[in-house]
Amino acid sequence: MTKEKREILIFFIFTLAVLITPFFLQGSYFLNVLVFIGINTMLAVGLNLLLGYAGQISLGHAAFFGLGAYISGILTTRFGLDPWFALVIAAVANGALAFVIGFPILKLKGHYLAMATLGFGIIMFIIFNETVAVTGGPSGLSGIPNIQISSLIFDNDLRNYYLIWIITLLVMLFSINLSHSRIGRALRAIADSEVAARVLGVNARVLKVQIFTVSAVISAIAGSLYAHTMTFISPASFGFNFSIELVTMVIIGGLGSIYGSFLGAAILTILPEFLRVLRDFDIIVYGLLLIIMTMYMPGGLISGLTRIAEFIVGKIKSRGARHA
Amino acid sequence: MLKKMLRLILSMAVVGLMAGSAFAAAPIKIGALFSVSGPASFLGEPERNTAEMMVTEINKAGGIKGQKLVLIVYDTQADATKAVQAANKLIKDDKVVAIIGPSTTGDTMAVIPVVEKAGIPLVSCAAGIKITEPTKKWVFKTAQNDALAVARIFDYLKKKKISKIAILTVSDGFGSSGREQLVFQAGKFGIQIISDETYGPKDTDMTAQLTKIRGGAAQAIVCWGTNPGPAVVARNVKQLGMKLPLFMSHGVSSMKFIELAGDAAEGIILPSGRVVVANQLPKNDPQKKALLNYVENYKKHYNVEGDHFGGHAYDAIMLIKGAIERGSDSPAAIRDQLEKTEKFAGIGGTFQYSPQDHAGLTSDAFVLVQIKNKGWTLLK
């Protein structure tokens with residue numbers, strides 16, 4: 001089987017799994033958790049394009065997510081715009097902002113880039129918090145309408161699940177395609193050595209800004225969808241902590257792997273739910289698990305799991321050989 | 001025809017009996033959402049402790065109409081997303097009949113759409129006026145509105161003939177809601193706000209804002225925030241040698257504030273629930289019995305003074321208990337009975353809900369207290 005065919009098969013199986021999952025979870029609250037996993041997957045995939053492929057860190061991605069949510073929330077509640085239209089405006093506005101700030105910010109490298117994006121995140125958080133007349137301030141913006149397609153209103157977990165996941169799958173498909181394209185290869189070259197990439201004729205400066213913009217647009221779409229499924233937003237969800245959580249998702253899942261981003265998003269969303277039984281100790285165990293995962297699976301869950309699978313297959317094979 | 005009717009009645013009776021006996025054995029599940037960790041843990045922790053204590057006490061006394069109570073508590077970490085997930089879990093997985101909390105206005109606003117859709121009564125422990133205005137079918141609250149606290153302070157200022165004030169509020173949910181009310185009500189009391197300053201929830205020095213206030217013509221300072229910010233303000237005021245009287249919000253009416261501010265706390269006046277001055281209340285105060293009982297009980301269980309915030313959870317549990325006692329333990333019945341709550345003397349005040357009012361308190365829910373000798377004195 002060629003690599004391309006295998007890729008298509010994997011995506012097909014993944015899509016099928018996503019589409020049939022709700023039938024096993026009728027009426028369970030877990031469907032609601034899966035909706036959030038979908039949103040987080042979108043965010044992690046978007047950040048992974050920047051962090052995993054192009055090797056550029058962003059500690060301010062929660063700000064793009066928040067901006068998408070707020071633009072969508074404000075346009076629909078205060079100006080009565082259709083949620084779909086608001087989503088498009090949020091995506092375009094976010095893209096434009098990322099494009100404009102991308103040029104100066106992405107000139108920076110390493111720790112300096114981390115600091116600049118961190119600063120951007122904090123500035124946006126302060127804006128969400130302090131412009132009470134526009135955003136509703138710290139106590140939030142409520143009454144955001146659900147997304148609607150003619151008479152179909154996405155107001156329950158099942159409908160939201162399909163809405164969010166279909167868009168998440170599209171984002172994943174787009175990202176997989178992008179990573180296999182000439183641009184994807186150029187990005188990986190930049191991540192390995194920007195100087196070498198430029199010597200080979202890759203326009204690193206523009207490409208980095210472009211991927212930053214794409215990443216911001218994906219975050220805005222996720223933000224807008226979040227606002228319309230939650231129907232309420234408050235600045236606390238878009239703070240520095242969430243930026244870090246997103247970076248953690250990408251790293252735990254596996255840098256430069258789209259399915260890894262899904263795994264990272266899934267683990268970081270589900271784990272706190274399971275750890276609830278530990279009550280006050282949940283945060284400690286959560287931290288410990290993250291440390292253990294990064295220590296023993298440095299390439300992320302996706303490569304860790306592949307290695308484990310290969311190990312098991314190898315054992316079985318060698319056993320078979322001995323018996324023969 | 002008669003036969004049919006008889007059969008119907010008989011089968012209904014059998015079903016009723018079975019259901020009745022099944023319910024009598026099954027415990028009543030009540031959910032709780034508190035911000036036990038995270039930035040609002042100063043609210044969530046005493047609330048959780050109080051709720052757990054109350055449920056233990058109620059069960060020890062035989063439960064509600066013979067049914068035991070089970071409390072399921074989830075931590076929201078003051079994050080709207082986590083609050084919504086936890087609320088969904090309580091409703092769909094744990095199948096609770098009512099929910100108390102969340103602790104903050106933001107979390108409460110986030111879970112309102114969830115409970116409204118599912119039809120589960122929610123008794124919030126947050127103060128924001130938006131929670132119950134406009135009135136929502138399934139949502140009640142126990143924490144006093146900021147509007148009432150502001151009215152208490154302004155009433156006092158008017159009596160003391162102070163008409164020019166400076167306000168210093170924290171930029172979080174509590175502070176912005178307080179600021180809104182301060183600005184909104186000032187005109188009504190003939191008070192002029194000379195300067196309107198804010199500070200960040202994590203700021204550790206407010207001398208810049210205070211110096212600015214000192215330069216103006218303000219006759220008093222009203223600071224609106226929760227620990228630890230206001231303690232810094234109190235200390236800064238003292239360091240700067242400012243002689244202006246300092247007023248605080250009910251957000252600091254716990255011993256923790258006096259501990260943090262030290263000597264600088266002396267003389268500060270604030271509106272507070274009656275819980276901190278339970279001993280000084282006149283004998284005929286309707287809340288006195290509940291207050292003393294709560295303070296004593298909390299001390300016995302947790303070795304610290306029960307505060308105002310834990311009181312919100314006390315009231316929420318007791319209101320739901322009352323509603324179940326009067327009606328049944330189905331969510332709809334609890335809601336209907338909650339709305340009919342009359343003259344329930346709790347920790348936060350005397351509650352009187354109605355179809356138009358799901359907040360249930362009047363301005364007498366607050367008393368003004370002054371900090372003297374590291375303790376609270378009731379201001380008459």
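Both faces of strand E10 of chain B, residues 269-272, turn out to be covered. On one side sit Ile269(B) and Pro271(B), on the other Leu270(B) and Ser272(B), and all four are buried. In a regular strand, side chains take turns between the two faces of the sheet. E10(B) has a partner, too: it pairs with strand E13 of chain B, residues 367-372, in the antiparallel sense, over 4 bridges. Within that pairing, Ile269(B) is matched with Gln370(B) of E13(B) as its bridge partner. All of this, like everything that follows, is read from a predicted model.

Just past E13(B) comes a backbone oddity. Lys374(B), in the loop between E13 and strand E14 (375-378) of chain B, has a positive phi of about 55 degrees although it is not a glycine. Its surroundings are fairly open: Lys374(B) counts as partly exposed because it has 13 C-beta neighbours inside 10 Å. Gln77(B) also has a positive phi, near 55 degrees, and is likewise a residue other than glycine. This one belongs to the loop between strand E2 (69-75) and helix H3 (80-93) of chain B. Gln77(B) is buried, since 23 other C-beta atoms lie within 10 Å, and the cut-off for that label is 20 or more.

Chain B also holds some cis peptide bonds. One joins Gly101(B) and Pro102(B), with omega at about -5 degrees; Pro102(B) lies in the loop that runs between strand E3 (98-100) and helix H4 (105-118) of chain B. Another goes from Glu133(B) to Pro134(B), with omega near 5 degrees. Here the proline is in the loop between E4 and strand E5 (139-141) of chain B. As background, most residues other than glycine have a negative phi, and most peptide bonds are trans.

What does Val123(B) touch, leaving aside residues up to four places away in sequence? The list is Ile100(B), Phe140(B), Lys141(B), Thr142(B), Ala316(B), Leu319(B) and Ile320(B). Val123(B) itself belongs to strand E4 of chain B, residues 122-124, and counts as buried because 27 C-beta neighbours fall inside 10 Å. Ala143(B) is 20 residues from Val123(B) in sequence, and the two C-alpha atoms are 9.6 Å apart in space. Ile100(B), one of the residues that Val123(B) touches, has a list of its own. Under the same sequence limit, Ile100(B) touches Ile30(B), Ala32(B), Ala51(B), Val123(B), Cys125(B), Ala313(B), Ala316(B), Ile317(B) and Ile320(B).

Ile100(B) and Ile320(B) turn up again in the largest nonpolar core, a set of 211 residues. Along with Ala87(B), Ile99(B) and Ile221(B), they are the residues with the most contacts inside it. The element that gives the most to this core is H2(A), with 17 residues. Domain 1 and domain 2 of chain B both give residues to the core, so it lies between them. In soluble globular proteins, nonpolar side chains tend to be buried together.

Those domains come from the domain assignment of chain B, which puts 27-143 + 289-361 in domain 1 and 147-272 in domain 2. Their centres, taken over C-alpha atoms, are separated by 29 Å. Where the domains meet, 11 residues of domain 1 of chain B are in contact with 12 residues of domain 2 of chain B. The domain 1 side of that meeting divides into 4 nonpolar, 5 polar and 2 charged residues.

As for chain A, the model gives it 14 helices and 4 strands. A compact globule of 324 residues would have a radius of gyration near 20 Å, so the 20 Å of chain A agrees. Along the principal axes, the C-alpha atoms of chain A fill a box of roughly 75 × 55 × 45 Å. Buried residues make up 46% of the chain. Of the contacts in chain A between residues at least 6 apart in sequence, 75% join residues at least 24 apart.

The two chains meet as well: 23 residues of chain A are in contact with 24 residues of chain B. Helix H2 (30-53), helix H5 (110-130) and strand E4 (232-233) of chain A each supply at least two residues of the side that touches chain B. H2(A) gives the most here, with 3 residues. By class, this side of chain A has 10 nonpolar, 11 polar and 2 charged residues.

Note on methods:
Residues numbered from 1 in each chain as written. Chains lettered and ligands numbered in written order. Predicted model: local features only at pLDDT ≥ 70, side-chain atom pairs only at ≥ 80, totals over all residues. Contact = placed C-beta atoms within 7 Å. Nonpolar A, V, L, I, M, F, W, Y, C, P; charged D, E, K, R; others polar. Buried ≥ 20, exposed ≤ 12 C-beta atoms within 10 Å, placed from the backbone. Rg over C-alpha atoms; globule rule 2.2 N^0.38 Å. Pairing = 2+ DSSP bridges. Core = buried A, V, L, I, M, F, W, Y, C linked by C-beta atoms within 7 Å. Domains from an automatic or database assignment.
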